[in-house]
Amino acid sequence: MNFKPLEPRSASSAGTSSGSVVTAEKAFSFISKGWREVRSSADADLQLIKNRANSFKNLADREFENFLNSASKSPFSVPTITASATMSPAPYAEMDFVKKLQPKILEIRRAYSSPDFKFYRRPLIKLDLPTIRDAIVSEVDERESFAKWSRVRFKDREREEGQHVESWEPIKTLKSRLRELEQKSSSEILEGIKNSEFVEKLKSSLKAICKDPNESKDVPPLDVPELLACLVRQSSPLLDQLGINKGISDKIVESLCSKRKSQLVFHSMPSGESPIVERESINDELNLRIASVLQSTGHCYEGGFWSDVGKNDSSDKKRHVAIVTTASLPWMTGTAVNPLFRAAYLAKSAEQNVTLLVPWLSKSDQELVYPNNLTFSSPEEQESYIHRWLEERVGFKADFKISFYPGKFSKSRRSIIPAGDTSQFISSKDADIAILEEPEHLNWYHHGKRWTDKFNHVVGVVHTNYLEYIKRERNGALQAFFVKHINNWVVRAYCHKVLRLSAATQDLPKSVICNVHGVNPKFLKIGEKVAAEKESGQQTFSKGAYFLGKMVWAKGYKELIDLLAKHRTDLDGFNLDVYGNGEDAHEVQSTAKKLNLNVNFMKGIDHADDSLHGYKIFINPSISDVLCTATAEALAMGKFVVCADHPSNEFFRSFPNCLTYKTPEDFVAKVKEAMANEPQPLTTEQIYNLSWEAATQRFMEYSELDKVLNNTHNTYTKGNHNCNIKKSTSLPNVSEMVDGSLAFAHYCLTGNEFLRLCTGAIPGTRDYNGQHCQDLHLLPPQVENPIYGW
């Protein structure tokens, strides 16, 4: 607190001196009462100590007396020492040391028991409070404006020995404080305290803490002036660039907030003082108002008004990897299974923390997507299901976190579209490295923070050949043309590096081709079991051929039916079992029945099911896949695989059990070859190439993630927030400027609901809906982002 020096007032105000005298009398009456209580308490404590000391003295007297009596009446003796047979016991009447000690003890006892012996007495401190009061009152000058303090001398009682004891240290401190207050007025002090910034902030804090419980239950939302004040305050950097300085912005905020007098209380400043404190008070009150609205919704935002500093402060220097995908179990699709295994094996090394971000669907969408009518009432329930499913297959406990973002199922596209800004569901402390599974899919309608701005390194993994699927639709060629350029656009704007599983995908910027997927360890164990049975002479395969896949035309069913129908006579006696569920199941089955094909349709099951172990041949004519997971699993189980000579199968050609065909006639030849021969056991190298350990190693190398994780040139900045590497501060090149422009244009276009609907977006997916807020405990979008813009 800042106190001003005393200044004289005119004689007309001399009447106030009597009030000062009364105030001084009341103050010292209070001090006198306090000192009396302290002295009485101290006297009681000292009396207790003295009583205990006397008790100890009496006890010591009795012990000395007993000791001396025993020494004089009962002589000490020592055991007999038999060094030889001639020696005899020699008792002693008294020990020599007792003879020497007894006179000393008697002397100490006489001195200790003397009535002149006294404990050191404490110095007595006396405050002559009436004298202090009279001294202060006598110094009050009725002609001056303020009462003055006079120096007060404190005298201590002399000890009984006649020595004068120095003043007690607390009394010294009190006297020095009284001297400092000599030139200050009590009324000026009270006025300064009343108007101090500290007290105002304290009052605001007490208002926030000690408010009525019923008040928090129904907090009114932000009104228009408050929203405009937030907008102006957020837009301060932009307004400054337009020539509107911060002072003008603050005045606008002040004028807007003054309209809310019922909830925002602004304090007037004395004339001549700077309005800085008032503006800070306005900002504090506005922050408290926003915070109360957020608190009433139960929202807890990391890094916000109630930021948990301890939580944001990382305890170690581990890097954070966030894997974002477009599907989740129990939907058995490639973008649900493969990212899950990637998260498990990246977390297995324990060198980095891993978070898997998957879509959360409302109950109505779950019924459309998940098989066997399996639904979840909460994200925690689905998370437990995913972890159990994974641990049963990998054989170890995967230590990574699963988080959810709002998603909506598109029936027309048969895929899940993110709702809202997906990047906001990864906390800032974990925003280090991002792996976007299907980056084009995630960013078609992404309206939010740019991934490459929030994360230090962004890797995209392309799973799906969307152009092949779109070409099969109505006006497919035209749609494919636009989608191809949109994919180039979003991938270039939001990724640093892109991995294509095979050349079957479109050629994207910043991309390389590499298979970074492995197979479930369970399939490798099945293959090892088959090899052991074959080596022991047992029959390993008792069934013929099968096909397994989601029953939609694009998954190879059209090619399969065409091949079987065209070469029905060449494949006489060849039966095929098909396992799968899907939207086109009825149409596929009816078409095969009309053509009288030898195909048996069965419900979709897990590829590792025991009923599938006896099949020798896996047929997969699909040319829409990028890298078929079922093909890799069949090879891992030691089966023959008959597949098309297509870029999606390039990785499998090195395996001797993979039989590729180029023409329909070649397909018939490969099927007959597989039926007539036995598959070869996999070598150790081939087993490793199919494993997730090898896939993770390839991923680290081709995504340059190993260099990013081991880059010693990037230093860590550990503070109140996160522990991320510092980004380069060099000037952006032309390529970076183009990427930034593309990202900004995409942000503007996806912010318009009409343009989103024109490009096929699900209505209302720019923000998540109320059901998502309820399921994921999210803040409503209009409260999370009250201002649309900066």
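Author: Two strands pair if DSSP finds at least two bridges between them. Strands themselves are DSSP runs of E with at least two residues, helices are runs of H or I with at least four, and both are numbered from the N terminus. With that, we can read an open sheet of six strands in the order β11-β10-β9-β12-β13-β14, with parallel pairing. This is a predicted model in which local features need pLDDT of at least 70 and side-chain atom pairs count only at pLDDT 80 or more, while totals for chains, interfaces and linings use all residues. Residues are numbered from 1 along each chain as its sequence is written, and side-chain values use heavy atoms, leaving out hydrogens and water.

Reader: How do you know that β12 and β13 pair?

Author: Strand β12 (residues 615–620) and strand β13 (residues 640–644) share four bridges in the parallel sense. Pairing asks for at least two, so these strands pass. One bridge joins Ile617 to Phe640 in β13.

Reader: What makes β11 and β14 the edge strands?

Author: β11 (599–602) and β14 (658–661) each pair on one side only. From one strand to the next, the twist averages 25 degrees.

Reader: Which helix lies across β9, β12, β13 and β14?

Author: That is α23, running at about 160 degrees to β12, while β9 spans 543–548. For such angles, axes are lines fitted to C-alpha atoms (for helices, over the stretch in contact), and the angle between N-to-C directions runs from 0 to 180 degrees.

Reader: Thr631 sits in α23 (residues 629–636); is Thr631 buried or exposed, and why?

Author: Buried means under 20% relative accessible area, exposed means over 50%, and partly exposed is in between (1.4 Å probe, protein chains only). Thr631 has 0% relative accessibility, so this residue counts as buried. Leaving aside neighbours within four places in sequence, Thr631 is in contact (heavy atoms within 4.5 Å) with Phe618, Asn620, Val641 and Phe652.

Reader: Why is Asn575 called partly exposed?

Author: Its relative accessible area is 45%, so Asn575 falls in the range between buried and exposed. Asn575 belongs to the loop between α21 (557–566) and β10 (576–579). Beyond four places in sequence, Asn575 is in contact with Ala545 and Asn598. The C-alpha atoms of Asn575 and Asn600 are separated by 7.7 Å, although these residues are 25 apart along the chain.

Reader: Over to the other sheet: what makes β4 and β8 its edges?

Author: This open sheet has eight strands in the order β4-β3-β2-β1-β5-β6-β7-β8, with mixed pairing. β4 (415–418) and β8 (511–513) each have a single partner strand, so one side of each has no neighbour in the sheet. The average twist from one strand to the next is 30 degrees.

Reader: How do you know that β1 and β2 pair?

Author: β1 (residues 319–324) and β2 are joined in the parallel sense over six bridges, with Val321 opposite Val354 in β2. Helix α13 packs on the sheet, touching β1, β2, β5 (433–437) and β6 (457–462), and its direction makes about 165 degrees with that of β2.

Reader: How do you know that the span of α15 is close to the expected one?

Author: The expected span is 1.5 Å times one less than the number of residues. α15 (residues 379–394) has 16 residues and reaches 22 Å from its first C-alpha to its last, close to the expected 22 Å.

Reader: Why are the buried residues of α15 said to be on the same side?

Author: The buried residues are Pro379, Gln382, Ile386, His387, Trp389, Leu390, Arg393 and Val394. They cover an arc of only 165 degrees, which puts them on the same side of α15; the arc is that of the directions from the helix axis to the C-beta atoms. Among the elements they pack against are α13 (334–348), β2 (352–360) and β3 (401–410). α15 lies across β2 and β3, at about 110 degrees to β3.

Reader: What makes a nonpolar core, and which residues touch the most other members of the largest one?

Author: A nonpolar core is a set of buried Ala, Val, Leu, Ile, Met, Phe, Trp, Tyr and Cys residues joined through side-chain atoms within 4.5 Å. In the largest, with 132 residues, Leu390, Phe400, Ile619 and Phe667 touch the most other members. α13 gives the most to this core, with nine residues. Not counting residues up to four places away in sequence, Phe400 touches several residues, including Leu340, Val354 and Leu390.
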